[in-house]
Amino acid sequence: PHFDERSKQNIAAAIEISVAEVPRGASLDLVHRLLVRQQDDVRETYLTELVQKATSRSISTAAGILLRGSGPERASIDSTITRHLDFLGEESARNVLSAGPRCALRDFTTRDKTTVYVVIPPHEMLAQSRLVRLFFSSALRALTERGSSRSLSSPPLIILDELASLGRLEPLVNCVTILGGYDVRLSLIVQDIGQLKTHYPSEWQTIIANCGSQLFFGVNDYDT
């Protein structure tokens, strides 16, 4: 738990630095490069300069967080970060995350009739499920932060096909009971009830109970 918490702090600090230093070019690829791919001596020099010269106290503090630790503790933190962010090192993910032009998800929460597709090839689904979970979490946060969507002519609709292949989506558990109040619609597609029970053993009934409608096609599973 200690190294996980320290890793979260370092990742948050790297995100803050990336957004502040490159406001129009900040990306998760930049965060990954700062934390994982950049050579240690280059990173140390860059962060030390930030601590000394940053005009923002928060950025100086963030750089200081990334400089903390040494020896075995630092190695363990770096190892934990690498494990958590290894999906960002995939070439396919790097190509997408570093490509332009960029846009903020919150921009879409004020637009009418805008469609965003996130398409993952089947052979990449296991490796990139965390990237999709990250996108989903960010989209939900953007939608709930703006408040009610009733001012839009069409309420936001998020369709999650092959839900089970994404693993457990913690934001889904936290938001499924309140999204109706924000006029946000979810369409969840699974093969059978067993998939919901696997990833949401304590919450699957709550998820179903909060579905305004349920459609079943070609059911061959008894429980379903």
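In this predicted model, strand β1, residues 157–160, pairs with strand β2, residues 185–188, in the parallel sense over 4 bridges. Within this pairing, Leu157 stands opposite Arg185 of β2. Between the two strands the chain passes through helix α9, residues 170–175, and the resulting β-α-β crossover is right-handed. A further point of register is given by Ile159, which faces Ser187 in β2.

The side chains of β1 alternate along the strand. Ile158 and Leu160 point to one face and are buried, whereas Leu157 and Ile159 point to the other face and are not buried. Leu157 and Ile159 are thus residues of the face that is not buried, and their partners across the pairing are Arg185 and Ser187 respectively.

The loops on either side of α9 deserve attention for their backbone geometry. Most residues other than glycine have a negative phi. Two residues of these loops depart from that pattern: Glu162 has a phi near 50 degrees, a positive value in a residue other than glycine, and Asp183, likewise not a glycine, has a positive phi near 60 degrees. Glu162 belongs to the loop between β1 and α9, while Asp183 belongs to the loop between α9 and β2. Their accessibilities fall into separate classes. Glu162 is partly exposed because its relative accessibility, 34%, lies between the limits of 20% and 50%. Asp183, at 11% relative accessibility, counts as buried because the value is under 20%.

Ala164 also lies in the loop between β1 and α9. With a relative accessibility of 15%, Ala164 counts as buried. What does Ala164 touch, apart from residues up to four places away in sequence? The residues in question are Gln195 and His199. In addition, the C-alpha atoms of Ala164 and Asp192 are 9.6 Å apart, although the two residues are separated by 28 residues in sequence.

The wider architecture can now be set around this region. The protein has 11 helices and 2 strands. Read from the N terminus, its elements follow the order α-α-α-α-α-α-α-α-β-α-β-α-α. Of its 224 residues, 31% count as buried. Among the contacts with a separation of 6 or more, 73% join residues 24 or more positions apart.

Helix α4, residues 57–67, offers a view of how the helical part is arranged. Its buried residues are Ile59, Ser60, Ala62, Ala63 and Leu66. These residues lie on the same side of α4 because they cover an arc of only 160 degrees around the axis. The elements covering them include α1 (2–21), α2 (28–37), α3 (40–53) and α5 (71–84). Just after α4, Gly69 adopts a positive phi of about 90 degrees.

One of the helices that cover α4 is α2, and His32 is found in this helix. Is His32 buried or exposed? His32 is buried, since its relative accessible area of 4% is under the 20% limit. Leaving aside neighbours within four places in sequence, His32 is in contact with Arg37, Leu85, Leu88 and Gly89.

The last feature to consider is internal empty space. Rolling a probe the size of a water molecule over the atoms shows where such space is left. The structure holds 1 cavity of 30 Å³ or more, and the largest cavity contains about 50 Å³ of space. Its lining consists of Asn10, Leu35, Arg43, Leu47, Leu66, Arg74, Asp78 and Ile81. The elements that give two or more residues to this lining are α3 and α5. Helix α5 provides the largest share, namely 3 residues. Leu66 connects this cavity with the preceding account of α4: Leu66 is among the buried residues of that helix, and Leu66 also lines the largest cavity.

Technical notes:
Residues are numbered from 1 along each chain as its sequence is written. This is a predicted model: local features need pLDDT of at least 70, side-chain atom pairs count only at pLDDT 80 or more; totals for chains, interfaces and linings use all residues. Side-chain values use heavy atoms; hydrogens and water are left out. Two strands pair if DSSP finds at least two bridges between them. A crossover is right-handed if, with the strands pointing away from the viewer, the path from the first strand over the helix to the second runs clockwise. Buried means under 20% relative accessible area, exposed over 50%, partly exposed in between (1.4 Å probe, protein chains only). The arc is that of the directions from the helix axis to the C-beta atoms. Contact means heavy atoms within 4.5 Å. On a 1 Å grid over the protein atoms alone, a cavity is a set of points where a 1.4 Å probe fits but cannot get out, and a pocket is an open set with protein on both sides within 12 Å along at least five of seven lines; lining residues have an atom within 4 Å of a point. Grid points are joined across faces, edges and corners, and a volume is the space filled by probe spheres set on the points.
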